[in-house]
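Here is a short tour of a single protein chain, written for someone who likes to check the atoms alongside the text. Please keep the viewer open as you read.

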Amino acid sequence: MKAALPNYQLTVTQLSGEPTPSNRECDIMIGTFDQATTRRLVVAVPLGAYRFGIAVTSDHPLAHHSRLALNDLAGQRLLMVPRGISEKNDQLRDAIETAAPDVIIEGTRGRYNLDVFNRAADQNLALLNLTPWQDLHPNLVTVPLDTPLTVNYGVLASRQAPQPVQDFMNRLRQLI
């Protein structure tokens with residue numbers, strides 16, 4: 001796409017906190033989104049969808065499965081984002097609670113960061129994970145979860161982005 005967008009330069013940066021319109025450190029980012037996110041915070045150019053998995057330590061009983069059904073989570077302590085952050089996560093939480101009513105779901109403080117992955121590894125907890133993060137932590141393995149639910153990802157920009165960013169997003173949408 002570089003040839004089609006010669007007037008744009010991308011720089012990869014590490015965000016220091018939860019990205020919100022008020023503390024925006026970048027103009028665009030690649031990230032997950034669903035209708036709740038796009039209604040409130042961002043405009044998105046979709047690129048694809050991520051699948052869910054369950055990250056556990058290599059000695060955890062679930063680590064030896066090739067795939068996990070929702071009822072395989074019965075009796076487990078499972079880390080997930082709290083309700084209200086993602087419609088897809090909320091839908092999956094409902095499905096898990098129906099299939100495995102004795103699962104103990106523990107909410108994170110918001111969206112995932114490295115502390116969440118460290119907590120899962122240190123406390124030997126199961127962690128709802130997405131495919132791009134399956135190799136993020138060296139002490140966790142991710143087992144695919146049998147669910148038709150996926151989470152969209154793409155290029156995201158603030159709804160109040162400056163005009164050059166809006167122009168970039170429009171041009172990108174045309175190219176894709």
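Which backbone nitrogen lies 3.3 Å from a polar atom of the side chain of Asp34? The backbone nitrogen of Lys88 does. Please keep in mind that this is a predicted model.

## Around Asp34

Let's stay with Asp34 for a moment. This residue sits in the loop that links β1 (28-33) to α1 (35-40). Besides the approach of its side chain to the backbone nitrogen of Lys88, Asp34 has a polar contact of 2.9 Å with Ser86, side chain to side chain. Leaving aside residues up to four places away in sequence, Asp34 touches Ser86, Glu87 and Lys88.

How is the charge of Asp34 placed, and which side chain of opposite charge is nearest? Asp34 is buried and has no salt bridge. The nearest side chain of opposite charge belongs to Arg111, 6.2 Å away. A salt bridge would need a side-chain nitrogen of Lys or Arg within 4 Å of a carboxyl oxygen, so the distance of 6.2 Å to Arg111 does not qualify.

## A nonpolar patch at the surface

Turning to the surface, you will find a nonpolar patch of about 470 Å², made by Met1, Ile30, Leu47, Leu175 and Ile176. One of these residues, Leu47, belongs to strand β2, which covers residues 42-57. Leu47 counts as partly exposed because its relative accessibility is 41%, a value between the cut-offs of 20% and 50%.

## The backbone at Asn124

Where does Asn124 sit? You can find Asn124 in the loop between α3 (114-123) and β5 (126-130). The phi of Asn124 is positive, about 55°, although this residue is not a glycine. Most residues other than glycine have a negative phi. With a relative accessible area of 35%, Asn124 is partly exposed.

## The chain as a whole

Stepping back, the protein chain has 4 helices and 7 strands. Read from the N terminus, the order of elements is β-α-β-β-α-β-α-β-β-β-α. Along the principal axes, the C-alpha atoms fill a box of roughly 50 × 30 × 30 Å.

The protein chain has 176 residues, and 41% of them are buried. About 10000 Å² of the chain is exposed, with carbon and sulfur atoms supplying 51% of that area. As for contacts between residues at least 6 apart in sequence, 75% join residues at least 24 apart.

Key. Residues numbered from 1 in each chain as written. Predicted model: local features only at pLDDT ≥ 70, side-chain atom pairs only at ≥ 80, totals over all residues. Heavy atoms only, no water. Patch = residues over 30% accessible without salt bridge, like charges linked within 9 Å, V, L, I, M, F, W, Y side chains within 5 Å. Areas by Shrake-Rupley, 256 points an atom, 1.4 Å probe, with all protein chains shown as cover. Helix = DSSP H or I, 4+ residues; strand = E, 2+ residues; numbered from the N terminus. Buried < 20%, exposed > 50% of the residue type's maximum accessible area, 1.4 Å probe, protein only. Lys, Arg positive; Asp, Glu negative; His and termini not counted. Polar contact = N/O pair within 3.5 Å; in protein donor to acceptor, adjacent residues only side chain to side chain. Contact = heavy atoms within 4.5 Å.
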